[in-house]
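Work through the exercises below with the sequence and the model side by side. Try each task before reading its solution.

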Amino acid sequence: MYKRDIETLNDEALGRIYAELKQIQLTTYQYKNDPAATPRRLGFIIDDTKTSYPVNADGASVNLYGYVSMAVAAIQIQSREIAALRAEVARLKRTHSR
């Protein structure tokens, strides 16, 4: 109702997003104004990120919805890969047991 220009991602597009997500380097850090005893945070450095999906239009803040959506794309790709590997293992077990 609130969205326009909706396009479902095909396998190729999901693959590209998955590849981009794998390139995001996770880091631990503290903000400069955090007290020294503050627990370290986990995330990525926007300046080191080559994909725009997890970065808001201002270029200075994280788009969590975009970041989570990239993770969903990765889960979908990996789920398909796992299913294919399971099928291959089952086939090999059948072949080997003969």
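**Exercise 1: the second largest pocket**

Strand E2 (41-44) and helix H2 each supply at least two residues to the lining of the second largest pocket. The model is predicted, so local features need pLDDT of at least 70 and side-chain atom pairs count only at pLDDT 80 or more, while totals for chains, interfaces and linings use all residues. Residues are numbered from 1 along each chain as its sequence is written, and side-chain values use heavy atoms, with hydrogens and water left out.

Task: find which element gives the most to the lining of the second largest pocket.

Solution. Begin with the terms: on a 1 Å grid over the protein atoms alone, a pocket is an open set of points with protein on both sides within 12 Å along at least five of seven lines, where a 1.4 Å probe fits, and lining residues have an atom within 4 Å of a point. Helices (H or I, at least four residues) and strands (E, at least two) are DSSP runs, numbered from the N terminus. Next, locate the pocket, which holds about 290 Å³ of space and is lined by 14 residues, with Tyr29, Tyr31, Phe44, Ile46 and Val62 nearest its centre. The element that gives the most is E2, with 3 residues. Finally, sort the lining by class, which yields 10 nonpolar, 3 polar and 1 charged residues.

**Exercise 2: the largest pocket**

Task: state how many residues H2 gives to the lining of the largest pocket.

Solution. First take the volume of the largest pocket, about 620 Å³. Of the 19 residues that line the largest pocket, the closest to its centre are Glu7, Leu9, Tyr53, Tyr65 and Ser69. The elements that give two or more residues to this lining are helix H1 (11-23) and helix H2 (64-96), and H2 gives the most, with 7 residues. By class, the lining of the largest pocket divides into 9 nonpolar, 6 polar and 4 charged residues.

**Exercise 3: helix H2 and the core**

Task: decide which residues of H2 are buried, and which helix is included in what covers them.

Solution. Start with the helix itself: H2 has 33 residues and reaches 47 Å from its first C-alpha to its last, close to the 48 Å expected at 1.5 Å a residue. Buried means under 20% relative accessible area, exposed over 50%, and partly exposed in between (1.4 Å probe, protein chains only). By this rule Gly66, Met70, Ala73, Ala74 and Ile77 are buried in H2, and what covers the buried residues of H2 includes H1. Then take Met70 as one case: leaving aside residues up to four places away in sequence, Met70 touches Ile17, Glu20, Leu21, Ile24, Thr51, Tyr53 and Pro54, where contact means heavy atoms within 4.5 Å.

**Exercise 4: three residues outside the buried set**

Task: are Lys22 and Asp5 buried or exposed, and which residues does Thr28 touch?

Solution. Lys22 is in helix H1 and counts as exposed because its relative accessibility is 53%; its C-alpha lies 8.6 Å from that of Ala74, although Lys22 and Ala74 are 52 residues apart in sequence. Asp5 belongs to the segment before H1 and counts as exposed, at 65% relative accessibility. The phi of Asp5 is near 50°, a positive value in a residue other than glycine. Thr28 lies in strand E1 (residues 26-29) and is partly exposed, with a relative accessible area of 45%. Not counting residues up to four places away in sequence, Thr28 touches Arg40, Arg41 and Leu42.

Terms used
Grid points are joined across faces, edges and corners, and a volume is the space filled by probe spheres set on the points. Ala, Val, Leu, Ile, Met, Phe, Trp, Tyr, Cys and Pro count as nonpolar, Asp, Glu, Lys and Arg as charged, and the others, Gly among them, as polar. The expected span of a helix is 1.5 Å times one less than its number of residues.
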